[in-house]
Amino acid sequence: MEHPAMAEVSLQQVLDALVDPVRRAVVSQLARADEDISCGTFDVSVSRSTLTHHFNVLRQAGVIRQYYVGTTKMNTLRTDEMEGRFPGLLSALVAASAPETGVSAR
């Protein structure tokens, strides 16, 4: 899987990726998780193929990194890289999304 260099990612790409509520839910769940999350364990109400599309959008926008452990695809936020490029954006998004997802932000 290809992941863009953070220097190549524009703010517009990130904002376009995060405009969708399913993608915001994925980001919020990753932000709250103590470890990386496999694709099949996210709490979202879309089909697997639709969720795959959402993962691709987030990956291409530089928001997440995906990698394999055996045959399981894992997901992690590119938190440090995003913070360096767009300071405060992810934490603000997670905090603002808390009421939507019904979970308190950390």
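Q: Which strands does helix α2 lie across, and at about what angle does the helix run to β3?
A: Helices (H or I, at least four residues) and strands (E, at least two) are DSSP runs, numbered from the N terminus, and axes are lines fitted to C-alpha atoms, for helices over the stretch in contact, with angles from 0 to 180 degrees between N-to-C directions. Here helix α2, residues 21-32, lies across β1, β2 and β3 and runs at about 85° to β3. Helix α3 (residues 48-60) also packs on the sheet, where it touches β2 and β3 (contact means heavy atoms within 4.5 Å), and its direction makes about 120° with that of β2. This is a predicted model, in which local features need pLDDT of at least 70 and side-chain atom pairs count only at pLDDT 80 or more, whereas totals for chains, interfaces and linings use all residues. Residues are numbered from 1 along each chain as its sequence is written, and side-chain values use heavy atoms, with hydrogens and water left out.

Q: In what order do the three strands form the sheet, and which are the edge strands?
A: Strands of a sheet pair through backbone hydrogen bonds, either parallel or antiparallel; two strands count as paired if DSSP finds at least two bridges between them. In this chain the sheet is open, its order is β1-β3-β2, and the pairing is antiparallel. The edge strands are β1 (37-38) and β2 (64-69), each of which pairs on one side only.

Q: How many bridges join β2 to β3, and which residues stand opposite each other?
A: Six bridges join β2 to the antiparallel strand β3, which covers residues 72-77. Following the register, Y68 faces K73, Y67 faces M74, and Q66 has N75 as its bridge partner. The two strands form a hairpin with two residues between them, and G70 in the turn has a positive phi of about 65°.

Q: How many bridges join β1 to β3?
A: Two bridges join these antiparallel strands, and one residue to look for is I37, whose bridge partner in β3 is N75. N75 is thus a bridge partner of Q66 as well as of I37.

Q: What does K73 touch?
A: K73 has its place in strand β3. Leaving aside residues up to four places away in sequence, K73 touches M1, I37, S38, C39, Q66, Y67 and Y68. K73 and F42 are 31 residues apart in sequence, and their C-alpha atoms are 12 Å apart in space.

Q: Which of K73, S28 and P21 are buried, and which are partly exposed?
A: Buried means under 20% relative accessible area and exposed means over 50%, with partly exposed in between (1.4 Å probe, protein chains only). K73 counts as partly exposed because its relative accessibility is 21%. In helix α2, S28 is buried, with a relative accessible area of 1%, whereas P21, also in helix α2, counts as partly exposed at 48%. From C-alpha to C-alpha, S28 and G40 are 16 Å apart, with their positions 12 residues apart in sequence numbering, while P21 and G84 are 63 residues apart in sequence and 24 Å apart in space.

Q: How many helices and strands does the chain have, and what pattern does the chain follow along the sequence?
A: The chain has five helices and three strands, arranged along the sequence as α-α-β-α-β-β-α-α. The radius of gyration, taken over C-alpha atoms, is 13 Å, close to the 13 Å given for 106 residues by the globule rule (2.2 Å times the number of residues to the power 0.38), so the chain is as compact as a globular protein of that length. Along the principal axes, the C-alpha atoms fill a box of roughly 35 × 35 × 25 Å, and 39% of the 106 residues count as buried. Among contacts between residues at least 6 apart in sequence, 65% join residues at least 24 apart.

Q: Which residues does UniProt list for the domain?
A: UniProt positions are given in the numbering used here, feature names are shortened, and annotations may be inferred rather than shown by experiment. The unreviewed UniProt entry lists residues 3-97 as "domain: HTH arsR-type". In the model this span is 52% helix and 15% strand, and its end C-alpha atoms lie 25 Å apart.
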